[in-house]
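Colleague: I'd like to go through the reasoning behind a few labels with you. Could you set each value against its cut-off as we go?

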Amino acid sequence: MLGAACGGSAGPPRPVRSEFRTGRSVGPPLVAAGAVWVPNEADGTVTRIDPSTNRVVATIRIGDPQRLVAAGCGPDSVHSFMFDTLLNRRCDLPSSLAGDARSVWAADNLGRGLARIDPATNRVVERIALNADPFAIALGYGSLWVTSYFNEPHEVLRVDPVSGRVLATITDLPLGGGTGIAAGEDGVWVACTYAPSLARIDPATNRVTHAIPVERYPLAVSVGRGAVWVRNENSSSVSRVDPRAVRVAATVRGLSAPVGRSGDDAMALGPSGLWVTGIRLVLVDPARNRVTGRIDVPGNGVSQGFGSLWMTSITGSVQRIDPGAAAVVGSGG
């Protein structure tokens, strides 16, 4: 898959403004607290990029992932890779980030909890024990929402970001949940990858109210523009879910095949539309539910902020990309 994505290209494509080497196994960047934060999942660190100076200004240690490796994280044998598995993500530290203006939260699989980074000091100032391996984190409705895909039964934990107390443990998920998660648009939305479905959690009751069938291998979830957006990796599609009707309202095709590691394929919903990564970066028009633009840069997770796209490249760097560089594509994608 990587070879096909490279396409024999020599050197970085023109739309890349800047490229940052931050660490090993770089995960999706997070835009929060006046900066861009990058999880280096094989190093146990988070890198802070200052978008105004275009410089790396800090690297914060979350923990030592080699301790996870020594404890036997990941699939139980090489034969596990003959089948699809997300178990290799148990070795990631941190496996996910979430943040707002005051804090950046990192998933800490080593401590089986969360680590809070203070953006004012670039230090870990608090650790919350969950007694569960966090997979992904979302912020919304005054809480942190954490999927723990590796637990049995699968669960979503609702955590008070002030006290660090677990407010609810939600276990009534469909088979194969939950992995990707997003909060907003009248619910907390959880990808149940192997079901395959999207679960809606009512934040008023902390219960699953709906399980919406989607296409194969849903993982990344985004909310906004009056919809919930789910990337179906094995179908090369995005499902647009109507949060009021609680059903799939449209399916967007014409997307690039995903590249990189499963679970790191974050989408970015910004002023110009929904950006979806893969062999090329494509732009989905939320009003017409179709691909309307592309940038010929291969990558994995992407976010948007400070007038730029911030994307994890297939070579392990973070690329700052001009969203205005997208080439217009026709109705056929």
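Modeller: Gladly! This is a predicted model, and a search of the whole structure finds one disulfide.

Colleague: What makes C73 and C91 a disulfide?

Modeller: Their sulfur atoms are 2.2 Å apart, and the cut-off is within 2.5 Å, so the pair counts as a disulfide. The link is right-handed, with 110° about the S-S bond. C73 and C91 both sit in the loop between helix 2 (65-70) and strand 6 (97-99), 18 residues apart. Both cysteines, C73 and C91, are buried.

Colleague: Why is C192 called buried?

Modeller: C192 has 0% relative accessibility. Buried means under 20%, so C192 earns the label.

Colleague: D265 is buried too. How do you know that D265 has no salt bridge?

Modeller: The nearest side chain of opposite charge, R231, is 4.2 Å away from D265. A salt bridge has to be within 4 Å, so D265 and R231 do not form one. R231 is still among the contacts of D265, along with L219, A220, E233, N300 and G301, leaving aside neighbours within four places in sequence. D265 itself lies in the loop between strand 21 (247-252) and strand 22 (268-270).

Colleague: Why do strand 2 and strand 3 count as paired?

Modeller: They share three bridges in the antiparallel sense. Pairing needs at least two bridges, so strand 2 and strand 3 qualify. One bridge partner in strand 3 is V36, matched with V31.

Colleague: Which strands make up the open sheet, and in what order?

Modeller: Four strands, in the order 2-3-4-5, with antiparallel pairing. Strand 2 (30-32) and strand 5 (55-61) are the edge strands, since each pairs on one side only.

Key
Residues are numbered from 1 along each chain as its sequence is written. This is a predicted model: local features need pLDDT of at least 70, side-chain atom pairs count only at pLDDT 80 or more; totals for chains, interfaces and linings use all residues. Side-chain values use heavy atoms; hydrogens and water are left out. Helices (H or I, at least four residues) and strands (E, at least two) are DSSP runs, numbered from the N terminus. Buried means under 20% relative accessible area, exposed over 50%, partly exposed in between (1.4 Å probe, protein chains only). Lys and Arg count as positive and Asp and Glu as negative; His and the chain ends are not counted. Contact means heavy atoms within 4.5 Å.
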